[in-house]
Amino acid sequence: MAIPPLTPELLRAFPLFESLDKADLERLLERHLASALGEDQLLVQESDWGETLFLIRAGLAKVRCFSPDGEEVVLCLLGPGDVFGEMALLDEKPRSADVLSLTQLNLVKFSGALFRQLMLSRAPLSLAIAQLQSKRLRELNRRFAIHSADASTRLLNALAQLACLSESGANVLSLFPALGQRELAAIAGLSRETTSRTLSKLRERGYLEETAAGMRLLSEEPLKRRCLL
Ligand code: CMP
């Protein structure tokens with residue numbers, strides 16, 4: 001993934017940073033670190049102490065924890081433009097969850113201490129972080145509600161989310177990386193067997209296509225019917 005080096009102008013294009021002036025953006029960039037990572041890499045580990053804020057420039061990641069009986073619970077998917085690692089900076093507690101790459105990833109790391117300093121003196125930045133937390137709580141509420149829906153609804157919701165996150169401006173019918181069935185099952189909160197059966201059903205009904213380039217939903221109709229749009 002060839003992406004240009006981060007400049008103040010490029011950084012300001014991400015909603016969290018849009019209120020910062022050039023001098024603040026330059027201060028953040030002075031101490032940033034850009035890295036390219038492969039899939040299935042642990043980026044943040046639950047319970048670790050951390051002083052870094054992360055920004056995804058390209059690729060997909062998941063936020064997960066484990067239930068008391070050891071089952072993986074996917075809390076959220078992240079894509080280009082998403083920030084993570086802000087919670088430990090805000091409450092000065094250990095990391096609240098694991099974050100792992102689902103695909104190849106271009107990641108930027110910022111100094112958490114500097115970000116906290118900026119938040120103390122720049123009210124619009126603090127408001128932007130509060131809005132991010134609010135957006136995440138809304139998404140989690142929605143995910144919670146969908147958790148009691150049938151398998152097709154849960155899987156369609158997971159596939160639509162992957163499509164929307166895959167590139168900026170992407171929609172539910174966009175091409176997205178073909179993840180393995182085990183991964184899709186974890187994201188949808190289903191067993192692997194149910195995921196495999198439901199994928200076949202979606203394919204047979206002409207709602208899903210899988211090619212060498214990736215996966216794609218072919219119709220909005222099943223999403224609309226389930227109020228997923
Ligand atoms: P932090 O606790 O520092 O490290 C793990 C990160 O995962 C956390 O910050 C958030 O950025 C992110 N995270 C944790 N829970 C959620 C959630 N429910 N939705 C979105 N992101 C989350």
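**Exercise 1. Locate Asp98, decide whether Asp98 is buried or exposed, and describe its surroundings.**

*Solution.* Step 1: Asp98 is found in strand β7, where helices (H or I, at least four residues) and strands (E, at least two) are DSSP runs numbered from the N terminus. The structure is a predicted model, in which local features need pLDDT of at least 70, side-chain atom pairs count only at pLDDT 80 or more, and totals for chains, interfaces and linings use all residues. Residues are numbered from 1 along each chain as its sequence is written, and side-chain values use heavy atoms, with hydrogens and water left out.

Step 2: The relative accessible area of Asp98 is 6%, so Asp98 is buried; the classes are buried under 20% relative accessible area, exposed over 50%, and partly exposed in between (1.4 Å probe, protein chains only).

Step 3: Not counting residues up to four places away in sequence, Asp98 touches Leu42, Val44, Gln45, Glu46, Lys62, Val63, Arg64 and Phe66, contact meaning heavy atoms within 4.5 Å.

Step 4: A polar atom of the Asp98 side chain lies 2.7 Å from the backbone nitrogen of Glu46. The criterion for a polar contact is a pair of N or O atoms within 3.5 Å; within protein, one must be able to donate a hydrogen and the other to accept it, and residues adjacent in sequence count only if both atoms are side-chain atoms.

**Exercise 2. Establish the strand order of the open sheet and the placement of helix α7.**

*Solution.* Step 1: The four strands of the open sheet follow the order β2-β7-β4-β5, with antiparallel pairing; two strands pair if DSSP finds at least two bridges between them.

Step 2: β2 (42-44) and β5 (72-78) are the edge strands, each pairing on one side only. From one strand to the next, the twist averages 35°. Axes are lines fitted to C-alpha atoms, for helices over the stretch in contact, and angles run from 0 to 180 degrees between N-to-C directions.

Step 3: Strands β4 (residues 61-66) and β7 (residues 98-101) run antiparallel and are joined by four bridges. Lys62 has Leu100 in β7 as its bridge partner.

Step 4: Helix α7 (residues 181-188) lies across β4 and β5, and runs at about 90° to β5.

**Exercise 3. Describe the two residues Asp40 and Cys227 in terms of phi, location and accessibility.**

*Solution.* Step 1: Most residues other than glycine have a negative phi.

Step 2: Asp40, in the loop between β1 (33-37) and β2, has a positive phi near 65°. Asp40 is exposed, at a relative accessible area of 51%.

Step 3: Cys227, in the segment after α9 (221-225), has a positive phi near 60°. Its relative accessibility of 66% makes Cys227 exposed.

**Exercise 4. State how many disulfides the structure holds, and examine Cys76 and Cys227.**

*Solution.* Step 1: The structure holds zero disulfides, a disulfide being a pair of cysteine sulfur atoms within 2.5 Å.

Step 2: For Cys76, the nearest cysteine sulfur is that of Cys65, 12 Å away. Cys76 counts as buried, at 16% relative accessibility.

Step 3: For Cys227, the nearest cysteine sulfur is that of Cys164, 16 Å away.

**Exercise 5. Identify the closest residues around the ligand and the distances to its oxygen atoms.**

*Solution.* Step 1: The ligand is surrounded by 14 residues, the closest being Gly85, Glu86, Ala88, Arg95 and Ser96; a residue is near a molecule if one of its heavy atoms lies within 4 Å of it.

Step 2: A polar side-chain atom of Glu86 is 2.6 Å from an oxygen atom of the ligand. For Arg95, a polar side-chain atom lies 2.7 Å from a ligand oxygen atom, and for Ser96 the distance from a polar side-chain atom to a ligand oxygen atom is 2.7 Å.
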